[in-house]
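I open this notebook to record what I looked up, working from charged pairs to the strands and then to the nonpolar interior. The model is a predicted one, and I keep that in mind throughout.

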Amino acid sequence: MGRRVLIGSRGIITGASSGIGRSLAELMIRKQGRLVLAARRSERLHELTTLAARHGAEVIPVSVDLTNPEARSKLVAAAREHFGALDFLVNNAGMGALGRFEDMPPDRLREVMELNFFAPVELTYAVLPLLKSGNRPILVNISSILGHRGIPWRSYYCASKFAIQGFSEAIRAELSRYGIDVLVVSPGRTKTELFDGPLERGIEPAWPEPTPVSAKYVAAKIFSAMRQGKSEIIPHVWGKGMVFLSRCFPRFMDWFLRRYA
Ligand SMILES: NC(=O)c1ccc[n+]([C@@H]2O[C@H](COP(=O)([O-])OP(=O)(O)OC[C@H]3O[C@@H](n4cnc5c(N)ncnc54)[C@H](OP(=O)(O)O)[C@@H]3O)[C@@H](O)[C@H]2O)c1
């Protein structure tokens, strides 16, 4: 099958107010997308409505907290009412969490899982009937390098990303019977507001941090992978190296990571 045509396509992007989600929304707007955009900060979403007007795109901003089940129903209702069907869903909204396991109360894990795992899974469930009627539909789940390799100080975040990774792989086979592709994106360090989040503050271990890539770069990679119908991408070169090392030399990675624990 040829490349997927994304011009004028109908989709939902969560976490569209900043970072990767916003850059992807801007890209889709320039391709005359018809989009339901979700996040809590409504003023940021309204900026995208203005941009859409300039590019002949259509944006329905829905200001919601995705951890609220009613909010997810609102998104689906908006997509059904305005577009009737969906060609893509991008589950992008997410939060980070930094800290040693022994210092992190278990209710924080529930908070992280609520946004990074339960919200995308439940939104996917609710959106399936609309995707089934879409044009070459695709589900895009934003995971992380840390959905491939657990690292110290990020146990809750890693758990949430491993969960979304396993979920995506499992439903990829199931959804293929409806012609729905599933793309998992595993960004590495990207310059966004993720690290300003409420559970991200604290003393960070002195990692040898890679230079972050821009959200625009990651968005362009996602767009291209959607067009090509890819199953998985790791946009950051350093991230590819880390996944390779942890698959081929797991004991070396264990040794290396222990130094920073
Ligand atoms: N940045 C990185 O280095 C990196 C690396 C690997 C994976 N990722 C993943 O990439 C995805 C996007 O993150 P980002 O880096 O672009 O971070 P970001 O700039 O902080 O964007 C996060 C987005 O999620 C939204 N959001 C957060 N909590 C929400 C809630 N309760 N309800 C609705 N929306 C909510 C935020 O909007 P509001 O605050 O307006 O609600 C924002 O639009 C996440 O899944 C993240 O785990 C990022």
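**Entry 1: salt bridges.** I looked up R4 first and found that its side chain meets that of D181 in a salt bridge, with 2.8 Å from N to O. The two partners come from distant parts of the chain, since R4 sits in the segment before strand 1 while D181 belongs to strand 6 (residues 181-185), 177 residues apart. I then asked myself whether R4 counts as buried or exposed. With a relative accessibility of 4%, R4 is buried, because the cut-off for that class is under 20%. D181, at 25%, is partly exposed.

I turned next to E47, which forms a salt bridge with R22, their closest N and O atoms lying 2.9 Å apart. E47 is in helix 2 (residues 42-55) and R22 in helix 1, so this pair ties together parts that are 25 residues apart in sequence. I noted that R22 is buried at 17%, whereas E47 is partly exposed at 41%. R22 and E47 also belong, together with E26, to a network of salt bridges.

Helix 2 came up again with R44, whose salt bridge to E193 has its closest N and O atoms 3.1 Å apart. E193 lies in the loop between strand 7 (190-191) and strand 8 (213-214), so the pair joins parts 149 residues apart in sequence. For the whole model I recorded a count of 10 salt bridges.

**Entry 2: strand 1.** Five of the five residues of strand 1 (residues 10-14) are buried, so I describe this strand as largely enclosed by the rest of the structure. Both of its faces are covered, with R10, I12 and T14 on one side and G11 and I13 on the other. I looked up its neighbours and found that strand 1 runs parallel to strand 2, joined by five bridges, and that G11 stands opposite L35 there. Strand 1 also runs parallel to strand 4 (residues 88-91), with three bridges between them, and in that strand V90 is the bridge partner of I13. With helix 1 (residues 19-30) and strand 2, strand 1 makes a right-handed β-α-β unit.

**Entry 3: nonpolar cores.** The largest nonpolar core has 38 residues, and I12, V36, L75, L86 and V127 have the most contacts inside it. Helix 4 gives the most to this core, with 10 residues. I looked up L86 and found that among the residues it touches are I12, A79, V127 and L130. Apart from this core lies another, of 34 residues, including L35, L37, V218 and A219.

Notes:
Residues are numbered from 1 along each chain as its sequence is written. This is a predicted model: local features need pLDDT of at least 70, side-chain atom pairs count only at pLDDT 80 or more; totals for chains, interfaces and linings use all residues. Side-chain values use heavy atoms; hydrogens and water are left out. A nonpolar core is a set of buried Ala, Val, Leu, Ile, Met, Phe, Trp, Tyr and Cys residues joined through side-chain atoms within 4.5 Å. Buried means under 20% relative accessible area, exposed over 50%, partly exposed in between (1.4 Å probe, protein chains only). Helices (H or I, at least four residues) and strands (E, at least two) are DSSP runs, numbered from the N terminus. Contact means heavy atoms within 4.5 Å. Two strands pair if DSSP finds at least two bridges between them. A crossover is right-handed if, with the strands pointing away from the viewer, the path from the first strand over the helix to the second runs clockwise. A salt bridge is a side-chain nitrogen of Lys or Arg within 4 Å of a carboxyl oxygen of Asp or Glu. Lists of a residue's contacts leave out its neighbours within four places in sequence.
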